[in-house]
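Student: Could you take me through one part of this structure up close? I'd like to look at the helices and what packs around them, step by step.

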Amino acid sequence: MPGTRRWSNVASSSHLAFVALGANLDDPLAQVRAAGDALADVPESRLLYLSSLYRTAPVGIRGQPDFINAVAALTTELAPLRLLDALFSVERRFGRRREFHQAPRTLDLDLLLYDQLIVDSPRLSLPHPRMHLRAFVIAPLLEIAPHCHIPGRGSAAAWLPAVSMQRIERVPTQ
């Protein structure tokens, strides 16, 4: 992964985006690692950081396998909807099917934040509307961006108590 970099040093023509990665089918550890590599190939973008991997319990539908999750930071010159389309393209390459809400998946990529932009449209909501309520987002996000601010919600770190009862464990590096 690229080395340490201050957010303020990001080129002014680029935008800072955070993306959540998750999988619980077809060797999820390998899926999320490979998805991190795939994010490095998103057009007009540069992967800055990929957090550690975390094992978490599924949210919503019970009886499915645990998830492996991470958060990536990237700079991009893509507009938010073009970046979202690029993320969906990566999901499709990994065999993602959207059978029903909260279904098990080979890969899920969620655009969490794009600069400090607030968007509420049929295709995209920024910041991601439930990110502050998910340990599998907050923990890896704070690992790579400890001073992250969620527009309309405040400091990401302030949401740690709200997610403290959710099961999450860092996956040991191999």
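Tutor: Let's start with a term we'll need: a polar contact is a pair of N or O atoms within 3.5 Å, where, inside a protein, one must be able to donate a hydrogen and the other to accept it. Keep in mind that what you're looking at is a predicted model. The average pLDDT is 89, and 88% of the residues score at least 70. Over residues 1-11, though, the pLDDT is below 50; that stretch still has 22 contacts in the model beyond near neighbours in sequence.

Now put that term to use. Ser-45 sits in strand β2, and its side chain makes a polar contact of 2.7 Å with the side chain of Thr-76. Ser-45 has 16% relative accessibility, so it counts as buried, the cut-off being under 20%. Setting aside neighbours within four places in sequence, Ser-45 is in contact with Leu-74, Thr-75, Thr-76, Leu-78 and Leu-83. Look also at Leu-16: 29 residues separate it from Ser-45 in sequence, and the two C-alpha atoms are 9.6 Å apart in space.

One of those contacts, Leu-83, takes us to helix α2, where it is one of the buried residues, along with Pro-80, Leu-84, Ala-86, Leu-87, Val-90 and Glu-91. Looking down the axis of α2, you'd find these buried residues within an arc of 160°, so they line one face of the helix. On the face turned away from that buried side are the exposed residues Arg-92 and Arg-93. What covers the buried residues of α2? The cover includes β1, α1, β2, β4, β5 and β7. You can check the helix length too: at 1.5 Å a residue, the 14 residues of α2 should span 20 Å, and the end C-alpha atoms are indeed 20 Å apart. After α2 comes Gly-95, with a positive phi near 85°.

Helix α1 gets the same check. Its 12 residues, 28-39, should span 16 Å at 1.5 Å a residue, and its end C-alpha atoms are 16 Å apart, which agrees. The buried residues here are Pro-28, Leu-29, Gln-31, Val-32, Ala-35, Gly-36, Ala-38 and Leu-39. Their cover includes β1, β2, β3, β4, α2 and β5. Pick out Gln-31 from that list: its relative accessible area is 13%, so Gln-31 is buried. Beyond its neighbours within four places in sequence, Gln-31 is in contact with Ala-23, Leu-25, Asp-26, Phe-94 and Thr-106.

So where do the two helices fit in the bigger picture? Both α1 and α2 supply at least two residues each to the largest nonpolar core, as do β1, β2, β4 and β5. That core has 31 residues, and Leu-21, Leu-39, Leu-83, Leu-109 and Leu-111 touch the most other members. Try following Leu-21: among its contacts outside four places in sequence are Val-32, Ala-35, Gly-36 and Leu-39, as well as Leu-50, Ile-68 and Leu-109. There's also a second, separate core of 22 residues, which includes Ala-73, Leu-113, Ile-150 and Val-163.

One last stop, in strand β3, is Thr-56. At 3% relative accessibility, Thr-56 counts as buried. Its side chain makes a polar contact of 2.6 Å with the side chain of Asn-69. Leaving out residues up to four places away in sequence, Thr-56 touches Asp-66, Phe-67, Asn-69, Phe-136, Arg-167 and Ile-168.

Note on methods
Residues numbered from 1 in each chain as written. Predicted model: local features only at pLDDT ≥ 70, side-chain atom pairs only at ≥ 80, totals over all residues. Heavy atoms only, no water. Helix = DSSP H or I, 4+ residues; strand = E, 2+ residues; numbered from the N terminus. Expected span 1.5 Å × (residues − 1). Buried < 20%, exposed > 50% of the residue type's maximum accessible area, 1.4 Å probe, protein only. Contact = heavy atoms within 4.5 Å. Arc of directions from axis to C-beta. pLDDT = per-residue confidence, 0-100. Core = buried A, V, L, I, M, F, W, Y, C linked by side-chain atoms within 4.5 Å.
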